[in-house]
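Please walk through this structure in stages, beginning with its paired strands, moving on to its aromatic contacts, and ending with its pocket and the residues around it.

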Amino acid sequence: MAIKIMKLPIKNPWRAWYSDKQVGGYVVGYGGLTLVTVRGAGHMVPTYQPERALLMFSSFLRGKLPPPS
């Protein structure tokens, strides 16, 4: 995996994030990089999961990770 090659330190371990009391996806924070997945979405996340996409993007704009629960 490309992230392992970069040898970035993990700041926030892999965990689920939630949207409407359901798992919205998963997130892990590295030094200088955050990886977020959106459950149930194809390559056009806002089309398939608009609420989860909005929550993910809003969290990004606030400089925070998506909510843990």
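What follows is a guided reading of a predicted model.

The strands are a convenient place to begin. Strand β1 covers residues 10-19 and strand β2 covers residues 22-30, and these two pair in the antiparallel sense over 7 bridges. Within that pairing, R15 has V27 of β2 as its bridge partner. The hairpin that β1 and β2 form has 2 residues between the strands, and in this hairpin D20 takes a positive phi near 55°.

From β2 the reader can pass to β3, which spans residues 33-38. These two strands run antiparallel as well, joined by 6 bridges, and here the bridge partner of Y26 is T37 in β3. The hairpin of β2 and β3 again has 2 residues between the strands, with G32 adopting a positive phi near 85°.

In a regular strand, side chains alternate between the two faces of the sheet. With that in mind, the aromatic side chains may be considered next. The structure holds 2 aromatic pairs. In the pair of W14 and Y26, the ring centres lie 6.1 Å apart and the planes are at 5°, so this pair counts as stacked. The pair links distant parts of the chain, since W14 belongs to β1 and Y26 to β2, with their positions 12 residues apart in sequence. Are these two residues buried, partly exposed or exposed? W14 counts as partly exposed because its relative accessibility is 49%, and Y26 is likewise placed in the partly exposed class because its value is 34%.

Helix α3, residues 50-62, brings the reader to another part of the model. A53 is found in this helix, and it counts as buried because its relative accessible area is 10%, where the cut-off for buried is under 20%. Not counting residues up to four places away in sequence, A53 touches V45 and P46. Its C-alpha atom is 9.2 Å from that of G24, a residue 29 positions apart from A53 in sequence.

The segment after α3 contains L65, which counts as partly exposed because its relative accessibility is 25%. Leaving aside its neighbours within four places in sequence, L65 is in contact with N12, R15, V27, T34 and S59. Among these contacts are R15 and V27, the residues already met as bridge partners in the pairing of β1 and β2. The C-alpha atom of L65 is also separated by 8.4 Å from that of W17, although the two residues are 48 apart along the chain.

Rolling a probe the size of a water molecule over the atoms shows where empty space is left. Which residues line the largest pocket? The lining consists of T34, V36, M56, F57, S59, F60, G63, K64, L65 and P66, and the space within this pocket comes to about 190 Å³. Both β3 and α3 supply at least two residues each to the lining, with the largest share, 4 residues, coming from α3. By class, the lining has 6 nonpolar, 3 polar and 1 charged residues. L65 thus appears in this lining together with T34 and S59, two of the residues with which L65 is in contact.

Key:
Residues are numbered from 1 along each chain as its sequence is written. This is a predicted model: local features need pLDDT of at least 70, side-chain atom pairs count only at pLDDT 80 or more; totals for chains, interfaces and linings use all residues. Side-chain values use heavy atoms; hydrogens and water are left out. Buried means under 20% relative accessible area, exposed over 50%, partly exposed in between (1.4 Å probe, protein chains only). Contact means heavy atoms within 4.5 Å. On a 1 Å grid over the protein atoms alone, a cavity is a set of points where a 1.4 Å probe fits but cannot get out, and a pocket is an open set with protein on both sides within 12 Å along at least five of seven lines; lining residues have an atom within 4 Å of a point. Grid points are joined across faces, edges and corners, and a volume is the space filled by probe spheres set on the points. Ala, Val, Leu, Ile, Met, Phe, Trp, Tyr, Cys and Pro count as nonpolar, Asp, Glu, Lys and Arg as charged, and the others, Gly among them, as polar. Rings of Phe, Tyr and Trp (its six-membered ring) pair if their centres lie within 6.5 Å; planes under 30 degrees apart count as stacked, over 60 as edge-to-face and the rest as tilted. Two strands pair if DSSP finds at least two bridges between them.
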